[in-house]
Structures are given as C-alpha cells and as structure tokens.
Amino acid sequence: MITFPLLSTIIIVPLIGAIIAFLIKGDEANVSKNLRELAIWTSLVVLVISIIILLQFDLNSQNFQFIEKKTILSKFDISYHLGVDSVSLIFILLTTTLFPICFLYSKLSIKFRTREFVIAMLALEALTLGVFCSLDIVLFYIFFESLLIPMFLIIGIWGGKNRIFSSFKFFLYTLAGSVFFLISIIFMAYTSNTTSIPQLDNYYFDVYLQKWLWFGMFLSFAIKVPMWPFHTWLPDAHVEAPTIGSMILAGVLLKVGAFAFLRISLPILPEASIYFSSFIMTLSAIAVVYTSIVAFAQTDIKKLIAYSSVAHMGYVTAGIFSISKIGIQGSLFQMISHGIVSAGLFLSIGLLYERTKSRIMDDYNLIIKSMPIFSLFFIVLVLSSVGLPGTSGFIGELLVVIGVFKNFLILGFIISSGIILGAVYMMSLVRKIIFTGSNSSTVTELTDLNVLEILLMLFLVFFTLLLGLFPNIILNITETSVIEILKNFN
Amino acid sequence: MSLPIFIFFLPLLSTFICFLCVLFKENRKAEILSSLLISIAAFLSILCYLKINVFVGNYNIYNWINLGNIELKLSVFYDPLTAIMFLVVNSVSALVHIFSIGYMASDPYRARFFCYLSLFTFAMLILVSADNFIQLFLGWEGVGLCSYLLVGFYFSKLSASNAALKAFLVNRVGDFGYLIAIALIFTFFQSLNFEDVFSNSASYAGKNFIFFGYDVDLLTTITMFLFLAAMGKSAQIGLHVWLPDAMEGPTPVSALIHAATMVTAGVFLVARCSPLFEMAHLTLNFITYIGLVTCLFAASVALLQDDIKKIIAYSTCSQLGYMFFACGISAYSLGIFHLVTHAFFKALLFLSAGSVIHVCHHEQNIKKMGGLCRKIPITYFFIILGSLALMGIPPFSGYFSKDLILEFAFSLHSIKGNLVYYLGCLGAAMTSIYSVRLIYLTFHGKSKLKTKEYESVKEAPLVMLVPLFLLSLGAIFSGFFFYKIVKYESFWKNSLFYKENINFVDNAHHIPFIFKLFPIITVILFSFLVLFYFSKLNTFFDFTNKSFSKLLIVIKQKWYFDILYNFLFIKKLKIFSKFLWKRVDQKIIDGLGPLGVSYCVYSASRYLKAFQNGKIFSYATFMVLGIILFFSLIFISF
C-alpha cells in the first residue's frame, strides 16, 4: 500500500488553487488570463492525481482503498476518514474530467468577477471530491451540504435575469433536506456509537429505526438527485446558471444525491431500503413519464435539457432501488453517461447562446446549414440522450430496465416507455433547431465551432461512443463494489 | 480474417471513407469508392451464399456487454438465414449506390448521402448477423437512425423533416415493445443470446406469469411485444403511418430502405425468433390477421393514390402483409422467400419510378404524367417487368413466392388457411388494379406534362439503367434461383424452427389444380378489366359521383389514420404537457413546496411582528402574562 495521502491531496489541490486565485495581483486583463490558466492547470493536476489513483487501484479488492484516518472526536469516533471503492472511483474520474473541460471553455463566458468565479468553482471541485471520498458520515454530511454554498453563489451571482429567485429556491430546497439528514446522523451516532461508514455497514439497526433514519435522509438525497416531486428547483437553477455552472450541476452535482443513496441508504439500512423500494420505484416511474411530458412543452432549450435530466435521474434511482446487481450497475452507468451527455448538451447550448444570446427554440433554425460540425456533435449527444444503441445512454437504460423488471414488472413497463417519450421531446428539439426553421424567423448565419470548441465537444462525443461500444470498461470496474454494496441483502 | 467478417466490415469502411470525403468535400470520390466497396461486398455475399456450407459459423468480433453472468458478443453469426439477408442487402444496396450516382448527380451534398447509405448497409448487416437480442437491437436502431437521416435528407423541406421525425417516433413505439420483450426474456431465460433462449423455448411453453394483474402466457406475451417491434419497423397496420410519409426521402433511399431491406427487418425478426413464435399460437394467429388486414388495407389505399411513390409505398406495406401472414401460418421459409423476391422486384419498381421522376423534373403525380412510354421505353419496360413480378404472373419471381404462400395456406384446410387464401387472392386482385392503373396513367394516354417539358424528357443515363437491368434480372430469375430454399428444408440447418415438420412445396402442390390457377386468373382478369376501363370506359363511368363515393373518400383519406393520430398524439399531448408544466409543476408542487413554505413563514412573521411594536406598555403586559403562565405551569405540575 502506498502511504502518500493521495485522497487528501486530491481534495486539497483545488483548495490551494483557490487560495492562489485569491492572492493573484496585477491589472485586470492579466489577472483574468492568469486566473484561467491557474484554474486549468489546477484541474489538470487533479485529473492526473485521479488517474494515478485509478492506476494504483486494485480492482479485485472489495475493501475501501487509499484509506486515511485521523480521529477528531473520540466520543463517537468522529474522524477524518477517507477511502474509495470502485463506485466512488468512477465518480471521482467523472468529476476530475469534467472540470478541466469547463475551465477550458470558460474563457469566453465569464465577463466579470472572474476571481470569485474561479474560487467558487475550485471550491466546488474540492467539496465534490470530498463527498466521493469521505468514509465518515459526519464528514460526508459536511462536504455534502457545503456544496450548496459555491453552487448558490454561482447561480446567484453569475446567473441570468431571474437568478435571485432561482438561487433562493435552490437554497431553500437543499436546506430543508439537510435538517432531516443531520437529525438522522445524530440518531445513528447515538445508537451505534460510531460514525464510520464501514463500521455502520456492519452495524444492525432495528427495522423500525431503520425506516425513520432512511426517511430522514431520503428527503435530503431526493432533493439533490432530484427526484419527483422535489425537482422544481432544477429547471430554474439551470436556466439561470452560467453554462459552466449548468455543466457541473448536471454533470457532477446531480450524481451526489444518488451516490449518497448508494453509499449510505443501501448498505447501512438494507431492510428499510427494501421496504421503501417500491415507493422510490413509483416516484422514479413518475419522474420518467411526467418530466418527459413536461419537457415536451418547453420552449427554452436549457429548461428542456434540465427536465430531461430529471427523467434520466429517474432511471438512476429506479436502478438503485431495484436492489439488483444489474440494476445498480445500470444506474452507475447511466450516471456516468448522463454526466458526459448532459455536460455536452449544456455546453452545446452555451455555444449557441454565445452566438445568438438566445435560448429560445424558435430563434434557431437550420443550424445544420451554418454549423454542420456543431450539428453532428449535437445530434450524437441527443441520440445518446434518447438511448440509441451504440451510445452510452443505451447501456444504462437497458441495464436499469432489465434490473427493474426482475422485481417490478409493471413499473419496469412504465419506465421503459421513457424511450418513446424521451425521443418525442429530444427529436422534436433536433427537428426544430437543427433541421427546420420556424416560419417567423429567417435563417440566421452562425459561425461554426472553432478549434478549441471542436476539441471539447469531440472529447465528450468520443466518450459517449466509446462507452456505448465498450461498456465493459465501466462495468468491469464497478462490479466488485456493487456486489459489496449488496452484501447486506440476501 | 474470414470472408463473412470481411464482408461485414466493407460497408463500415465505405462509411468511413465517405465521411472523410464529406470533410474534404470530395463528392466524386465518395460515390465511386462507396459504390465499388459495396459492390465488392455484394459479389462476395453471392459467393458466400453459393458456398454456404463452407462459411456457416459464428465469427466473434469482441465481447460487447457483460450482463450479469452473460457475455453479449458483437459477432457475425453466419447461418443460412443471415447468408440470404447478406446477399439481398448487399446486392440491392450496391445497385442502389450505383443508381444514386446518376440520380443524385446534381446534389451538392451527395458525399453525405453516400455516407448515410453505406452506414445504413452496415447497420443492416449488424442486424441480420446478430447472435443475441442486443446486437439485433443495435442494428435495428441503427437502420432506424439512417432511415431518419435519409428521409430528412432534403431537410430544408419542412415536410421532409416532419416525415423523418414521424418515422423515428413511430418506430420508437415498436422499439418500446422490443425493449419490454428483451427485459422479459432476460427476466425469465436469464440470457439474451439466441442460442440459450431458443434452446430453452420449449420448456417455457405454456408457462404463465402475472402481468398487470392478469395471468398471462409467458411466450405469448414476449412474442406479442416482439411483434409490436416488427409492426413498427415493417409498417403494419396501426404503425404504418410513417412509411408513406417516408417517401419524402430521395427515391433510391425508398428503394433500398423502404422496400427491399429495412422494412423487411420485422419479417426477419419473426423468422429469426421462430422458436419463440412457434410456441405461441395465439401470437401466430394475431400475426396472420394483422398481416391480412394490412395487406388489404394498404392495397385499398394504393388504389386511389396519385403520387407514384406513395402507390409503391402502400404496395410495399401490403406485400409485407403477405410475408407476415406467411409467418403467421408457420411458413417462415415462404415468408423469407417472398422477402427475397420482393426485395428485387420492388427495388426495381422504385428505382424505375425514381428514373421516371428524375426525367420528369421531380414530378411525382401520375395524373400529371401520361404518354411517357414513347419517350422512355426502356424504363417503361422495366416498370412492366417489375409490375408483372409484383402481380405474381408466371414466370416472374413474384409468382413463385406469392402463389406458394397462398397455395400452402389453402392446403392447411383450416379456417385460418382458407381466410389467408381467399383474402390473399383479393389482395392480389387489388395489386393488379393499382399496378395497371399506375402504368396506364404514367405511360399511356395523352401526356399532361407541358409540351416543352414533355419534349425534353429523355431516357435516364446509363449509370441508372444498368442497375435497373440487373435488378430486372433479379425480378425475373430470383424465383428460380432461390427456389431451393423452400424446396429443401435441409437448406436452413436449424436457423428456422418448425413445430411440425411440413414440406411446404409438396403440400402446396397437392391442392386441386383449379385452386392453383385461381390467383393467377383473378390477377389477369382484373388487369384486363382495369386496362379496358382506362382505355375505353373511362368516360362512361364516373365513380366519384356515385353512391359509394363516400367509401372512396374514406380510402382516399387513408382510413383517417393520420388525422386520428394527429389529434390524439400531437394536439392532446401538447395540451397535456402544458397542463403538467404550468399547473402541476408551477402551481401545485411549487405552491406546496418552496413558495408555500416561504409564504407561511412570511405570513407568520407578519403576525409575530405585532408583538415587537417597541411600546414599553405592551412588553410589560406580555412579561406579566409570561410570568403568570410560568408559575401556573409550576403550580399544575406539583
């Protein structure tokens, strides 16, 4: 075992970057140029560290690896306790990959308060990685809830016209959930006398207590996912967030809630998870059908993609609570796929917005004429979003549906209808903005992507296709940990 | 590398080359190279088919998905059924590629067109060479995607991109069925490889499970959902609405995708899954009746259409009905036989029609044509050939396959068999009516084109005529050439499964001679009647003013399918989604959620504010009240 604290490093490096960003001095133009480079290099260093972690990771071991532990409070064994299994590993990789992409893109879109923006983003990266690494439930809670602060600032300061309302809604929702989460944690600590997640995995809670604890945490997680009916903050937050904010929100932050289900609810509270599984499954089925239909009514492209995210996260929660190996692997795959695809779609909208300052569908027409390269990438991303075989979106949906069918025939049937409904709004979007024009507007001449933009989009599209054609890359990594998560279920 | 794998990757190579040509704007290279590569693939497929015993096998490419304990591979599963499909797909595709060189000559984006065509061919090969349900689905959706892109190829036309969207979405309904079927199969069979599933199908026969509270037969349910997928792809009634609209695409696309290959994928699916379908007689009955209804319905609509491509499209729809009811009476090999012959003669018809459209400056309305036989005699000849094959006149290919289906159905001596036989004959009669009508209105009588346009009409270039010639060879001889696939069941080597071992050809030959003759006589009789009507009686009878004009309107309106669907699925869905968004999301959920909570807090704080009014008197009052309350509580607790 390596003794160098890689996980702490990966969390601290972005924070160091943030501190340096705070200290940079000079004239305005120089500072913003330096800041951007700082952000890019910091995130690249983090990426390299995460790849080192991947290379040194033992895929066959079912235990947590790279463990670091420093006791903070001996009473409940509250400690600074880090460690990863393969599930958190793939999320770490997703995070560390998406952040450099965002920073590379951000040259164009941030016009003011660059320093604060960079600090907020780097803090966000550190906190997200903290969530994925922490093995102590109190530490987890701290990272999990502090995510709210930078995200709140990003929406509230750099968002669009209605940003105050959106950030307020986001704040209120998340805060409401966190209270119950905290209460559950306190209860857990008092009952079991420990806050270490690996120890809690092996501690047996009384079934009655399990249900209460589960439900207390459910609200917090469900709001973060977001599950129906706690989803209404998401479309507003997305619409007002700057492009990079949206990319990170959809690409990484939405996964935190589902990750919490996998890390805490399932292994620690198995009986309650089974008890509530049909409840979650119903909410997920509603999410898939309901938000797909709502997405169809949207005229704002960003809102449409935001609603589609809710539908896709419906697949994720359904997969997790199918409590089957295939279902959970499917939802992990779906999360990675959605992370890439939704980041790509929000990036696409950002690219369009750069050119026209509009997010309304009717303002676009025949984009394929003036932006053929963009259209190609956009269509591939959309196809992945509707789950076409050969793209990453398909594998996730397929595994989830198969997993759900095992125990929930009817709900599986309803969730499957997402492949029709998803196609309805997504392909209508493509028809409307890429292929035809609305009657009112004339064909707008837009410049096609420049080299940097092509590279960013190509990167995301490449991964979509790569994972679609070679899904075993992820399936093989996650397999052991998924079995480990399911060890408390017979 | 073995030959089938080599054939398999040729279209992919062609796609890749065409893609590079799109990037470098090399239209000429794209069309030449792709035609060449696909032609090589076609040639090799024929070779492989002739030496089929040597090449049969499962050629693994790589492990695609680890699904639990099951490994799903991407592979070329080359069995007799695949061999036939390879031959049909590659040869028709090669001819369509070559034809398109002439047809698309003036299009600035034709490199992209060839790229899509080759990609389509590759997707079709993926579909037919699958050895598991997921690879089949990959091909299934791949061809759907290419169809979407090609139908919408002239994207600046609103109708084209609408048609493309419609095709995609209607097919998605079928895909939904497929997904459910896959999930059910995996749930019960624990595998998605054909080998595992098919070898166990007999042991699941008659097994029931609970679905939506009903106790239903497992295999019947699975096959019903599979057939839903087949209905979508093969445009059977109910899900047929996309096919006529898909004619917005360039005509070579219609010939390749919407006549010869993709639309027959549904028939292929049923034949491939014959071990499942054979165990579910309820589904087989359903397939038979759906096939029959589609056959008659589509033929009836074809009677009154004026667009040359739409007539042929409805005709395709109706012929697919024939293939399906052949499968419905367990005669899968006959269905595949008809699929093969149909691929050749229908591609011939479509490409000839394309040639007509090409020379008429993109006029598609046959009522505006007429008198073309003197101008373009070669194309005329090809259309006649194709139509004769379609009508099933001996010795053309359609006769062999279609009559065999009808005769075999008759030999069953069951209600289902008789129904198939008589209604099939009725369908054949209607086929002859619309075929003759098409030929007469297009090529005979007075020309309705403008004189100047009519004068300028001249025969299509050689690059278009040669593929037509080769296809016409197929339309004539494919009946003989492929007769062995139905004559000798041993040809199939277990790739088709039959519950009862029947030799279809022998059975069909043992029916009374008069019933063998009956379909042919009907067809010939009706052809002459129509010919007579158009040439002599046209002026005496004016059907449109008669009492059954109401029926004609129904037919002309395509039995109101489009109008109904528009109303139900587009208008109502729009309204419903607006309702969910504006009312449920923004009023109910937000109202009870963040807005409701903040409103409560806000109004509560307004009341509480009253206590903080800054007056010493009221503070003192509250203090006194508080002290009283405090002491009385202590008092009570003792």
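**Exercise 1. What is the accessible surface of chain B, and which share of it belongs to carbon and sulfur atoms?**

Before we start, keep in mind that this is a predicted model.

*Solution.*
- Step 1: The accessible surface of chain B comes to about 25600 Å².
- Step 2: Carbon and sulfur atoms account for 70% of that surface.
- Step 3: Now set chain A beside it, which exposes about 16100 Å², with 68% supplied by carbon and sulfur atoms.

**Exercise 2. Describe the overall build of chain A, working from its secondary structure to its radius of gyration.**

*Solution.*
- Step 1: Begin with the elements: chain A has 21 helices and 2 strands.
- Step 2: Along the principal axes, its C-alpha atoms fill a box of roughly 65 × 60 × 40 Å.
- Step 3: A compact globule of 490 residues would have a radius of gyration near 23 Å, and the 22 Å of chain A agrees with this.
- Step 4: Turn to burial, where 68% of the 490 residues count as buried.
- Step 5: Finally, take the contacts in chain A between residues at least 6 apart in sequence: 81% of them join residues at least 24 apart.

**Exercise 3. Do the same for chain B, and add the charges of both chains.**

*Solution.*
- Step 1: The secondary structure of chain B consists of 28 helices and 4 strands.
- Step 2: The box filled by its C-alpha atoms is roughly 115 × 65 × 60 Å along the principal axes.
- Step 3: Of its 638 residues, 61% count as buried.
- Step 4: For contacts in chain B with a separation of 6 or more, residues 24 or more positions apart account for 79%.
- Step 5: Chain B carries 48 positive and 30 negative charges, and their mean positions are 11 Å apart.
- Step 6: Chain A has 28 positive and 26 negative charges, with mean positions 5 Å apart.

**Exercise 4. Is A:Asp136 buried or exposed, and which side chain does it join through a polar contact of 2.8 Å?**

*Solution.*
- Step 1: Locate the residue: A:Asp136 sits in the loop that links helix H4 (114-133) to helix H5 (137-146) of chain A.
- Step 2: Its relative accessibility is 0%, so A:Asp136 counts as buried.
- Step 3: Leaving out residues up to four places away in sequence, A:Asp136 touches several others, among them A:Asp77, A:His81 and A:Ile197.
- Step 4: A:Thr195 is also one of the residues it touches, and the side chains of A:Asp136 and A:Thr195 are joined by the 2.8 Å polar contact.
- Step 5: For a distance check, try A:Gly83, 53 residues away along the chain: its C-alpha atom is separated from that of A:Asp136 by 9.5 Å.

**Exercise 5. Find the surroundings of A:Pro242, another loop residue of chain A.**

*Solution.*
- Step 1: The loop in question runs between helix H10 (233-240) and helix H11 (243-268).
- Step 2: A:Pro242 has 11% relative accessibility; the limit for buried is under 20%, so A:Pro242 counts as buried.
- Step 3: Beyond four places in sequence, A:Pro242 touches A:Phe117, A:Ile154, A:Trp158, A:Gly159 and A:Lys302.
- Step 4: Pick A:Gly159 from that list: although the two positions lie 83 residues apart in numbering, the C-alpha atoms of A:Pro242 and A:Gly159 are separated by 5.4 Å.

**Exercise 6. Which polar contacts do the side chains of A:Thr95 and A:Ser481 make?**

*Solution.*
- Step 1: A:Thr95 belongs to helix H3 (residues 86-105), and its 0% relative accessibility makes it buried.
- Step 2: Its side chain reaches the backbone oxygen of A:Phe91 at 2.7 Å.
- Step 3: Outside its neighbours within four places, A:Thr95 is in contact with residues including A:Glu125, A:Phe132 and A:Val252.
- Step 4: A:Ser481 lies in helix H21 (residues 472-485) and is buried, at a relative accessible area of 3%.
- Step 5: The side chain of A:Ser481 makes a polar contact of 2.5 Å with the side chain of A:Ser86; A:Asp85 and A:Val87 are also among its contacts.

**Exercise 7. Is A:Lys70 buried or exposed, and which residues does it touch?**

*Solution.*
- Step 1: A:Lys70 is part of strand S1 (residues 65-73) of chain A.
- Step 2: With a relative accessible area of 59%, A:Lys70 is exposed, since the cut-off for exposed is over 50%.
- Step 3: Not counting residues up to four places away, A:Lys70 touches A:Ser79 and A:Tyr80.
- Step 4: To finish, go to A:Val401, 331 residues away along the chain: the C-alpha atoms of A:Lys70 and A:Val401 are separated by 42 Å.

Key. Residues numbered from 1 in each chain as written. Chains lettered and ligands numbered in written order. Predicted model: local features only at pLDDT ≥ 70, side-chain atom pairs only at ≥ 80, totals over all residues. Heavy atoms only, no water. Rg over C-alpha atoms; globule rule 2.2 N^0.38 Å. Buried < 20%, exposed > 50% of the residue type's maximum accessible area, 1.4 Å probe, protein only. Contact = heavy atoms within 4.5 Å. Areas by Shrake-Rupley, 256 points an atom, 1.4 Å probe, with all protein chains shown as cover. Lys, Arg positive; Asp, Glu negative; His and termini not counted. Charge placed at Lys NZ, Arg CZ, Asp CG, Glu CD. Polar contact = N/O pair within 3.5 Å; in protein donor to acceptor, adjacent residues only side chain to side chain.
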